[in-house]
Amino acid sequence: MKTPHSISEYHDIYRESITHPEKFWAEIADSFRWKKKWDKVLEWDFNKPEVKWFTGGKLNITENCIDRHLPDKANHTAILWEPNDPNTPARKITYKELHEQVCRVANMLKAHGVKKGDRVCIYLPMVPEAAYAMLGCARIGAIHSVVFAGFSSGSLIDRINDSHCKLVLTADGAFRGDKKIDLKGIVNNAVEKCPSVEKIIVLERTKTPVDMKPGRDLWWHDEMAKVSDTCAAEEMDAEDMLFILYTSGSTGKPKGMVHTCGGYMVYCDYTFRTVFQYKPGQLFWCTADVGWITGHSYIVYGPLSAGATTLIFEGVPSWPDMGRFWHVIEKHQVNIFYTAPTAIRSLQTASIDFVNKHDLSSLQVLGSVGEPINEEAWHWYDKNIGKEKCPIVDTWWQTETGGIMISPIAHVTKLKPAFATLPLPGVQPAIMDEHGNIMTGNGIEGRLAMQFPWPSIARTIYGDHQRYKDTYFSTFRGKYFSGDGCKRDEDGYYRITGRVDDIIIVSGHNMGTAEIESAINEHSAVAESAVVGFPHHLKGQGIYAFVICYEKPREEEKLRNEIKETVAKIIGPIAKPDKIQFVNGLPKTRSGKIMRRILRKVAEGELSNLGDTTTLLDPNVVEEIKKGAH
Ligand code: WT7
């Protein structure tokens, strides 16, 4: 694979990649194990929209992530697992063991009636079994839908029902710092409302007593022991679905983004090697949860496809103390560390002694993902963690893109704090003005779109292709619209300025305001609500809710807490509003549309400059809202 070693090589490869894209991607795809080679590299039409890569190609991604590394890497560690409790020994899983475990999961699923094309929900803590589960599905062509184990039963119900999952893989519980989470209890509540679920297989992790329903619920260890440790890899078409992963939309229910086998595999592996400049033998640690796309692409598929050692960490950054990440880096001699700005900012608030008591000299490359990294956090990360010796790759991408799109290449791209810098070879961004024209030249700001497909672009929204078209391909004709604002500075460097739609990024997690509003409205005292983001010193963005009650609340604080709990119950604790302001009215246009622009200003504390309010139905509500702002 062509990977640039200098910035001039980067420019050469980049130019080549956009002049002859099919040749560029065919050369990269050639290094994988295909059961049958593709007939055509690319067929696409963004107006339809339709994108197909490597059509006619047949493969199984697990053969590329596991089998092709055998027997050479049989005893090489594939997964290094660091448990929640630092006193519990870490576990090393070799490529040979990974092969056995994945085959067993595959056989276990088959034994319970799961076939190619069936959907399986994975709701597990950060344990190696989460990776076995994903790969076990992929082995037999079942489609996994991983749900982040921090989501509550309401979110789980929506996701299971949207894609009619047949089986759920979960655990008796999850450890998170000093807390235990009752995963099986949450699943039990959820599946009462999920008629498609036939079986639940439960991994023993916390040994919490759980309710097991005879005939439906089974123990992971019992079932795994019954099956063989070899399983032929199902032949998959390059365009067959590999997985569904739900992400928030700016309106309505979460969107099940569909990723396919061939393109996703090629792009994950390519970006993993290119961006981090991964070298054989290095230990790679991505701190995301497998429930997010970052975990799919850069804990499981990318690193394993490259034959790397991937570290899976079960715990949290703040327990037993604020030095836990730095402790893990020293303990295992981590070489590449990939985390989120929100984690950096919260660890930055702790005493620097938590950092300095650990030897971080094994680190060679640092990464950031999930939201714009502010300059202060960037410099802290660079100075205290990288000791000014490690490049920081600020990687811009999305659940929809499947892999990193705009990012420095470690040791190659000259860095600029808070800039995602340059598109990877093969990626063709465009900055669009408000009239839908491409803005040319440098020193510009607009909306970020893509003019050309890349192999891991999500192919559709599960069960709703029209919504896929409306969300991503209708804003700018013939282009993929990311939903982000973006600048290109005088050097041609890209800087992402944040979402321009009704999605807020809280601690690097994508949340739709509409989804939070509908959860708030479930509280019996609430008549209506409007949610906006506001700058939050740790989370990047916080959640600010304006709430109209049927009656003037008597005990405001009590009601605030109840509303927060309602949201935690319906979506999950991450969606709890940080601030709730009770109001009598919301600023609406004459056609009834809430003017979020005004609410955003209030939430940001910019009360004096609210812009034009003349189109409001009742400008007086704004005065009242300003008085109650906090
Ligand atoms: C949104 C996508 C990428 C996997 C994790 C989040 C924001 C992501 C960056 C970055 C500035 C970023 C964007 C994007 N975002 N990375 N390096 N700099 N913003 O995936 O939940 O699908 O969210 O995260 O706003 O649209 P996601």
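A residue counts as near a molecule when one of its heavy atoms lies within 4 Å of that molecule. The structure described here is a predicted model, and the account begins with the ligand before turning to strands and charged pairs.

**Around the ligand**

The ligand is surrounded by 18 residues, and the closest of them are Asp394, Thr395, Thr399, Asp484 and Arg499. Three side chains place a polar atom at a stated distance from an oxygen atom of the ligand, as the table sets out.

| Residue with the polar side-chain atom | Distance to an oxygen atom of the ligand |
|---|---|
| Gln398 | 2.9 Å |
| Asp484 | 2.6 Å |
| Arg499 | 2.8 Å |

Asp484 and Arg499 are also linked through the backbone pairing of strands, for the bridge partner of Asp484 is Arg499 in β25. Strand β24, which covers residues 480-488, runs antiparallel to β25 and is joined to it by 5 bridges. Both strands belong to an open sheet of 4 strands, whose order is β21-β22-β24-β25 and whose pairing is antiparallel. The edges of this sheet are β21 (429-432) and β25 (494-499), and each of these has a single partner strand, so one side of each is left without a neighbour in the sheet. On average, and with direction ignored, neighbouring strands of this sheet are turned by 45° against each other.

**A strand covered on both faces**

Elsewhere in the chain, strand β18 (residues 336-339) is covered on both of its faces, with Ile336 and Tyr338 buried on one side and Phe337 and Thr339 buried on the other. Strand β16, made of residues 283-286, pairs with β18 in the parallel sense over 3 bridges, and Phe284 stands opposite Ile336 of β18. Strand β19 (residues 365-369) likewise pairs with β18 in the parallel sense, in this case over 4 bridges, and here Tyr338 stands opposite Gly367 of β19.

A further buried strand residue is Thr55, which is placed in strand β2 (residues 50-55). With a relative accessible area of 12%, Thr55 falls under the 20% limit and is therefore counted as buried. When its neighbours within four places in sequence are left aside, Thr55 is in contact with Trp38, Asp39, Lys40 and Glu43.

**Charged pairs**

Side chains of opposite charge can pair when their charged atoms come close. In this model the count comes to 42 salt bridges, and a few of them are described here.

The side chains of Lys253 and Asp162 meet in a salt bridge with 2.9 Å from N to O. Because Lys253 lies in the loop between β14 (241-247) and β15 (255-260) while Asp162 lies in helix α6 (residues 153-162), the pair ties together parts that are 91 residues apart in sequence. Asp162 is itself buried, its relative accessible area being 18%.

Arg216 and Asp217 form another salt bridge, in which the closest N and O atoms are 2.6 Å apart. Arg216 is buried at a relative accessible area of 15%, and Asp217 is buried as well, at 8%.

Are the two partners of the salt bridge between Lys23 and Glu16 buried or partly exposed? Lys23 is partly exposed, with a relative accessible area of 45%, and Glu16, at 28% relative accessibility, also counts as partly exposed. The closest N and O atoms of this pair are 3.3 Å apart.

Finally, salt bridges can be followed through a network, which links Asp502, Glu517, Arg596 and Arg600.

Conventions:
Residues numbered from 1 in each chain as written. Predicted model: local features only at pLDDT ≥ 70, side-chain atom pairs only at ≥ 80, totals over all residues. Heavy atoms only, no water. Salt bridge = Lys/Arg side-chain N within 4 Å of Asp/Glu carboxyl O. Buried < 20%, exposed > 50% of the residue type's maximum accessible area, 1.4 Å probe, protein only. Helix = DSSP H or I, 4+ residues; strand = E, 2+ residues; numbered from the N terminus. Contact = heavy atoms within 4.5 Å. Pairing = 2+ DSSP bridges. Axes fitted to C-alpha atoms, helices over the stretch in contact; angles between N-to-C directions. Polar contact = N/O pair within 3.5 Å; in protein donor to acceptor, adjacent residues only side chain to side chain.
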